[in-house]
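Here is a short tour of charged pairs and a greasy spot on a protein surface. Have the model open beside you as you read.

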Amino acid sequence: MVTSGAVGVGRQRLKYRKLVNSSFADLQKPQMELDGKACAAVGQSGLMALYDMLFTQLDVSSSQLLVTDSDFENPNFRERLCETVESLLDLKVVPVFNENDAISTRKAPYEDSSGIFWDNDSLAGLLAIELKADLLVLLSDVDGLYSGPPSEPQSKLIHTYIKEKHHNEITFGDKSRVGRGGMTAKVKAAFVASNSGTPVVITSGFASQSIVRVLQGEKIGTLFHKDASSWEPSKDVSAREMAVSARECSRRLQNLSSDERKKILLDVADALEANEDLIRAENEADVVAAQDAGYEKSLVARLTLKPGKIPSLAKSIRTLANMEDPINQILKRTEVAEDLVLEKTSCPLGVLLIVFESRPDALVQIASLAIRSGNGLLLKGGKEAMRSNTILHKVITDALPDNIGKKLIGLVTSRDEIADLLKLDDVIDLVIPRGSNKLVSQIKASTKIPVLGHADGVCHVYVDKSADMDIAKRIVMDAKIDYPAACNAMETLLVHKDLIKSPGLDDILLSLKTEGVAIYGGPIAHELLSIPKADSFHHEYSSLACTVEFVDDVQSAIDHIHLYGSGHTDCIITTDSKVAETFLCQVDSAAVFHNASTRFSDGARFGLGAEVGISTGRIHARGPVGVEGLLTTRWIMRGIGQVVNGDKDVAYTHKNLPLE
């Protein structure tokens, strides 16, 4: 490991000491700049103390190796250096290198660029060569090397650096604000090291698990390799080309009649049923691979296309096809002035990017909704469903007519293309992530494109003191057992305190346990029911587990949901209509139910035909998002030659007209 920061740490310490020891008169005098070498001498011990503390938390020992430029001119030093590093690695000790700026022959740290190396990047490259490293990872404040400044929309991440191709294409921004180099220095060091036989990856030092992901072989950052030119791929379709093609195809789709778009959906439904055996075979291969890889049971459950799923999907597509045509509908007509009519109409959003995990059935639902709403579509599924997604995509696109084009629906096959797609805010209109909290959060933080979706599905069922306990049992069991991995499954059961010792509650808890549900308690339920304590009320189990807690009344239940819920779906079970209305009016979630299972929170069950996802946001669509959530509006005006001309000759009427 090669680090920097000694000068900065030392400068901070010395400035503090100087301030503490200064008189008021001293503070009025011009402040002298601190000597860089003195700062390095003071800061080095503090820097290593920090690393020692961090590595100790991982039960790992670290060691300090300070070098200077002149050291490498001595062959004996270089030989001893390799021996020392090998000994440390054998002892499972991490060698931490830094330039010894305090005694360097350099005149001033961060200013003198002479010598064999002069910054941490070139030092890292030199050490990689000397130590014959298997890999060098250079960490940056961006995801890798871009063709231009990363902040500019047209800049594209370069996944594999090929000098002959990229050298003249790259525009470098400013150098690092906190060191000697910047991306220019990293590229130079990477090029030297890779040409000497050590592959190099430049990637983000801020992204979680970057080093681990590189070591696991994920294609992140920018790779430098001496044979990179021989790896240059064939002319693959770029992310931008894929998005532009989807937009062009969507415009052709919009020009079709309603019956023609309906026929496309019916053809897709027929194609799915005709290829059911092939789809099931590919899905079973994905499921076996996921089980062998040790994936969680909840993920495997979402991945599995159960018997009857394909006919069910085909049925929902036919239902969607037979619904009223959603686009080009006149929503409002207004007479602005005599012979000047304004219409507000429905129209597609444009191009949608859907990133989803595990569930291949989501691909079918989303594709059918995109076709019905006239949108272009880019799909990126999880690698665990690669076979299922590939065959489903092929079956659906093969059913598209040639006058629309197969590129209406693009399937993104590699993870690294996502970063490029998220930069295309000029050609992609909406991103819908369907997956974990981590996935949604990462996408929201990585794009300027509007994002629609929900991060968590922490759904509550509240059993009020007036509840019919037979109804309560039926709803609670369904909400938890019907599909535990779903985002609308119950995660927390709230119970009125008057029911603590009721036989009905005992029956519900026993039934849950009989079905294999692990029950955890909040602080009160943990004590009263002698059950394991829940780690957090915010947790989404997505499995056969739930949290139970007691509350004082309906207002306490509402307050609990607002504090710990995710705004997805929450339910009250009660026979008291006044209490029910209080709950329904005050709970600020996308869906709120009275005496009905949270599992009803679904696009198909709502009569939307299908859903592209469930949104907990408050702008645009909220709750299960069907066709209407994929539409926007446009205004169409028809006149006979009118002009504004300062409004001198216009008599505005603004009269509402009947829809035609």
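## Before we start

A residue is called buried when its relative accessible area is under 20%, exposed when that value is over 50%, and partly exposed in between. Keep in mind that you are looking at a predicted model.

## Salt bridges overall

Side chains of opposite charge can pair when their charged atoms come close. In this structure, 28 salt bridges are found. A few of them are worth a visit, and they sit in quite varied surroundings.

## A buried pair between two strands

Let us begin with Glu343 and Arg333, which form a salt bridge whose closest N and O atoms are 3.3 Å apart. Glu343 belongs to strand 7 (residues 340-348) and Arg333 to strand 6 (residues 330-337), so this pair ties together parts that are ten residues apart in sequence.

Are these two partners buried or exposed? Glu343 has a relative accessibility of 7%, so it counts as buried. Arg333 is buried too, with a relative accessible area of 9%.

## A pair linking two helices

Next, look at Lys473 and Asp507, another salt bridge, with 3.2 Å between the closest N and O atoms. Which elements does this contact join? Lys473 is in helix 18 (residues 469-481) and Asp507 is in helix 19 (residues 503-514), so the pair ties together parts that are 34 residues apart in sequence.

Both ends have some access to the outside: Lys473 counts as partly exposed at 28% relative accessibility, and Asp507 counts as partly exposed at 33%.

## An exposed partner and a small network

Asp402 and Lys406 also form a salt bridge, and here the closest N and O atoms lie 4.0 Å apart. Asp402 has 71% relative accessibility, so it counts as exposed, while Lys406, at 35%, counts as partly exposed.

Salt bridges can also be linked to one another in this model: Glu79, Arg80 and Glu83 make up such a network.

## A nonpolar patch

To finish, let us leave the charges behind. Which residues make a nonpolar patch on the surface? Leu50, Met53 and Leu54 do, and their patch covers about 260 Å².

Leu54 is found in helix 3, which spans residues 36-57. With 38% relative accessibility, Leu54 counts as partly exposed. That value also fits the patch, because a residue needs over 30% relative accessible area to be included in one.

How values were computed. Residues numbered from 1 in each chain as written. Predicted model: local features only at pLDDT ≥ 70, side-chain atom pairs only at ≥ 80, totals over all residues. Heavy atoms only, no water. Salt bridge = Lys/Arg side-chain N within 4 Å of Asp/Glu carboxyl O. Helix = DSSP H or I, 4+ residues; strand = E, 2+ residues; numbered from the N terminus. Buried < 20%, exposed > 50% of the residue type's maximum accessible area, 1.4 Å probe, protein only. Patch = residues over 30% accessible without salt bridge, like charges linked within 9 Å, V, L, I, M, F, W, Y side chains within 5 Å. Areas by Shrake-Rupley, 256 points an atom, 1.4 Å probe, with all protein chains shown as cover.
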